[in-house]
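Let's take a walk through a protein together. Have the sequence and the 3D view ready, and follow along one step at a time.

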Amino acid sequence: MYKISIIMLSVLVYNSVQAQQTPVFAEYNYNTFIINSAHAGFNGQTEINLTNSGFLNSFEGNPKNLTLSFDAPLNDGKMGIGAGYSQDEIGVTKATSLFAAYSYKIFFDFKSKSRPYWQHYTPTVLSFGLTGGALLYRDNLLNLGIVDDPRFQENINATIPTMGVGFMFNYDTFYLGVSAPNILGDRYASVDNLNLTSPVYGYFGYRFYTNFFEHTLIKPNILLKQEQGAPLQLDFNVSVSINNMFEIGTGYRTNSSINFLAGVYIIKNIRAIYNYNAANRDNPINNTHGLALTFRLGDGFDVK
């Protein structure tokens, strides 16, 4: 059963190679930069993020992801830069992504009416982003021991140039964005026997804040992922932030899983988010755990 499971996961990946699996709840809600370069420098401080998922699972071959990124503002926040490293593993397949990003921002002179004083973000900005990098793809198909299928008679090692685009608009009560992390697909891959699909992300979120709940911010949001050959995927999420001290949240991914998270601001510069992904009964992938750590320089997450 173990070998059958590994083969099923590997065939799934072989038929639809992805530069990156869909980020889990804690990743794209607390480090949107990994899916949208327009977010670089948005928070006004240099940020370093480390996220991982799947490493605490006992089932060998289950998806694992490790991401390390940083982004920072330039020129009084009018521009932003960033870079990242991402590694995905599933079955005998490993994909490593290296990228650098640049963003340019246009500010609007709209007054913030309801933003809580302890939330640090630019009230109204339109940002555009570009990403460039490379995907290093490795498929150890010979480890599967399949002898009667020509597709599995040699390992695959490929280097694939990547280029992405994105935009984001933020107001004090809502935000939205669209991004395509790799618009080149597999067009310039170093090998020909690949079928690389490139996802397009869209997201929208709202911030509920009233004087009655002076130290509480409720943030529902939705993420859409469209990819050729796959059904439209929707993530519905909601989180609650209490005075930049604690956060809790939950979410649902269509035909896939239910997500839960809990976070704490350890000191003024460090935030830790624990994420649990509970797979549906008909999902071949097991439940996963993850941790997202954010280090923000300067004033950090300090409440003013």
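We will begin with confidence, then turn to charged pairs, one asparagine and some aromatic rings.

Before looking at any details, keep in mind that this is a predicted model. How confident is the prediction? The protein has a mean pLDDT of 81, and 76% of its residues reach 70 or more. Now find the beginning of the chain: over residues 1–20 the pLDDT is below 50. Even so, this stretch has 47 contacts in the model beyond near neighbours in sequence.

Next, let's look for charged partners. A search of the whole structure turns up four salt bridges, and we will visit some of them. Start with Glu47 and Arg296, which form a salt bridge whose closest N and O atoms are 2.5 Å apart. Where do these two residues sit? Glu47 belongs to strand β2 (residues 47–53), while Arg296 is in strand β16 (residues 288–296), so this pair ties together parts that are 249 residues apart in sequence. Both Glu47 and Arg296 are buried.

The second stop is the salt bridge between Glu247 and Lys219, where the closest N and O atoms are 3.7 Å apart. Here, too, distant parts of the chain are linked: Glu247 lies in strand β13 (residues 246–253) and Lys219 in strand β11 (residues 216–226), 28 residues apart. Are these two buried or exposed? Buried means under 20% relative accessible area. Glu247 has a relative accessible area of 2%, so Glu247 is buried. Lys219 has 16% relative accessibility and therefore counts as buried as well.

Strand β13 comes up again at our third stop, where the side chains of Asp235 and Arg253 meet in a salt bridge at 2.8 Å, N to O. Asp235 is in strand β12 (residues 233–242) and Arg253 in strand β13, so the pair ties together parts that are 18 residues apart in sequence. Asp235 is buried, and Arg253 is buried too.

Now go back to strand β2, where you will find Asn52. Which residues does Asn52 touch, leaving aside its neighbours within four places in sequence? Its contacts are Asn65, Leu66, His289, Gly290 and Leu291. You can also trace a line from Asn52 to Asn275: these residues are 223 apart along the chain, and their C-alpha atoms are separated by 9.5 Å.

Finally, let's turn to the aromatic rings. A pair of such rings is described by the distance of the centres and the angle of the planes. The whole structure contains eight aromatic pairs. In one of them, the ring centres of Phe33 and Phe99 are 5.9 Å apart and the planes are at 45 degrees, so the pair is tilted. Phe33 sits in the loop between α2 (25–30) and β2, and Phe99 in strand β5 (residues 93–107), so to speak two distant parts of the chain, 66 residues apart. Both Phe33 and Phe99 are buried.

Another pair is Tyr171 and Phe174, with ring centres 5.7 Å apart and planes at 50 degrees, so this pair is tilted. Tyr171 has a relative accessible area of 19% and is therefore buried, whereas Phe174, at 22% relative accessibility, counts as partly exposed. To finish, look for the cluster in which ring pairs link Phe108, Phe169, Tyr171, Phe174 and Phe204.

How values were computed:
Residues are numbered from 1 along each chain as its sequence is written. This is a predicted model: local features need pLDDT of at least 70, side-chain atom pairs count only at pLDDT 80 or more; totals for chains, interfaces and linings use all residues. Side-chain values use heavy atoms; hydrogens and water are left out. pLDDT is the predictor's confidence in each residue, from 0 to 100. Contact means heavy atoms within 4.5 Å. Helices (H or I, at least four residues) and strands (E, at least two) are DSSP runs, numbered from the N terminus. Buried means under 20% relative accessible area, exposed over 50%, partly exposed in between (1.4 Å probe, protein chains only). Rings of Phe, Tyr and Trp (its six-membered ring) pair if their centres lie within 6.5 Å; planes under 30 degrees apart count as stacked, over 60 as edge-to-face and the rest as tilted.
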